[in-house]
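Here are a few exercises to help you find your way around a new structure. Have a go at each task before you read its solution.

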Amino acid sequence: MATNENKSSLNVIPRDEEKIKKIWKTALILLLLTAVEFVFAFTLPRGLLLYAIFIGLTIWKAKYIMMEFMHLGEEAKPLFYSIIVPLIFLVWLVIALMREGSDIFMIRW
């Protein structure tokens with residue numbers, strides 16, 4: 001008969017309270033930013049200010065998510081900047097293309 005000596009045992013690791021606090025802090029910050037966006041959506045009139053606030057808060061949330069969940073906060077700064085700087089140029093490119101496209105549309109009509 002075979003013995004049960006080769007069975008692997010389950011080792012339970014104790015809870016890391018510091019990691020749990022960090023997760024709850026991150027969730028609370030993202031919840032507050034989302035609540036601010038929600039309040040602005042229903043209280044401010046539509047316009048450039050509202051859109052600028054939405055874009056700013058969205059970029060802030062994306063940066064925070066990258067720093068926490070992708071662990072870029074603990075990485076070297078050059079790695080962080082190699083991701084953020086192209087993102088800034090990409091946003092600038094989209095805004096510039098939309099502006100140029102609307103100007104060309106206005107000239108043609």
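**Exercise 1. Two domains**

How many residues of domain 1 are in contact with residues of domain 2? Work out what else can be said about the interface.

*Solution.* Keep in mind that this is a predicted model.

Step 1: Find the parts. Domain 1 covers 16-74 and domain 2 covers 76-109. Their centres, taken over C-alpha atoms, are 22 Å apart.

Step 2: Look at the contacts. Five residues of domain 1 touch five residues of domain 2.

Step 3: Turn to area. An interface's size is often given as the accessible area lost when the parts come together. Here, about 540 Å² is buried between domain 1 and domain 2, and carbon and sulfur atoms give 87% of that.

Step 4: Check for charged and polar links. Between domain 1 and domain 2 there are zero salt bridges. The count of residue pairs in polar contact (both at pLDDT 80 or more) is zero for these two domains as well.

**Exercise 2. Salt bridges**

Find the salt bridges of the structure, and say where their residues sit.

*Solution.* Step 1: Get the count, which comes to three salt bridges.

Step 2: Start with Arg15 and Glu17. Their side chains meet in a salt bridge at 3.8 Å, N to O. Arg15 is exposed at 64% relative accessibility, while Glu17, at 43%, is partly exposed.

Step 3: Go on to Lys22 and Glu68, whose side chains meet at 3.7 Å, N to O. This pair links distant parts of the chain, with Lys22 in helix 1 and Glu68 in helix 2, 46 residues apart. Lys22 counts as partly exposed, at 39% relative accessibility.

Step 4: Finish with Lys61 and Glu37, where the closest N and O atoms of the salt bridge are 3.1 Å apart. Lys61 lies in helix 2 and Glu37 in helix 1, so this pair ties together parts that are 24 residues apart in sequence.

**Exercise 3. Two residues of helix 2**

Are Lys61 and Leu50 buried or exposed? List what each one touches.

*Solution.* Step 1: Place them. Lys61 is in helix 2 (residues 48-69), and Leu50 lies in helix 2 too.

Step 2: Apply the cut-off, with buried meaning under 20% relative accessible area. Lys61 has 17% relative accessibility, so Lys61 counts as buried. Leu50 has 1%, so Leu50 is buried. Glu37, the salt-bridge partner of Lys61, is buried as well.

Step 3: List the contacts, setting aside neighbours within four places in sequence. Lys61 is in contact with Leu30, Leu33, Thr34 and Glu37. For Leu50, the contacts are Phe40, Ala41, Leu44 and Pro45.

Step 4: Add a distance. Leu50 and Leu33 are 17 residues apart along the chain, and their C-alpha atoms are separated by 14 Å.

**Exercise 4. A pair of rings**

Which residues form the aromatic pair, and is it stacked or edge-to-face?

*Solution.* Step 1: The structure holds one aromatic pair. That pair is Phe38 and Phe42, with 4.9 Å from centre to centre and 65° between the planes.

Step 2: Planes over 60 degrees apart count as edge-to-face, so the pair of Phe38 and Phe42 is edge-to-face.

Step 3: Look along the chain. Phe38 and Phe42 are four residues apart in helix 1 (residues 17-43), so about one helical turn separates them.

Step 4: Check accessibility. Phe38 is exposed, with a relative accessible area of 55%, and Phe42 is exposed at 64% relative accessibility.

Notes:
Residues numbered from 1 in each chain as written. Predicted model: local features only at pLDDT ≥ 70, side-chain atom pairs only at ≥ 80, totals over all residues. Heavy atoms only, no water. Phe/Tyr/Trp six-rings, centres within 6.5 Å; stacked < 30°, edge-to-face > 60°. Helix = DSSP H or I, 4+ residues; strand = E, 2+ residues; numbered from the N terminus. Buried < 20%, exposed > 50% of the residue type's maximum accessible area, 1.4 Å probe, protein only. Domains from an automatic or database assignment. Contact = heavy atoms within 4.5 Å. Buried area = accessible area lost by both parts, 1.4 Å probe. Salt bridge = Lys/Arg side-chain N within 4 Å of Asp/Glu carboxyl O. Polar contact = N/O pair within 3.5 Å; in protein donor to acceptor, adjacent residues only side chain to side chain.
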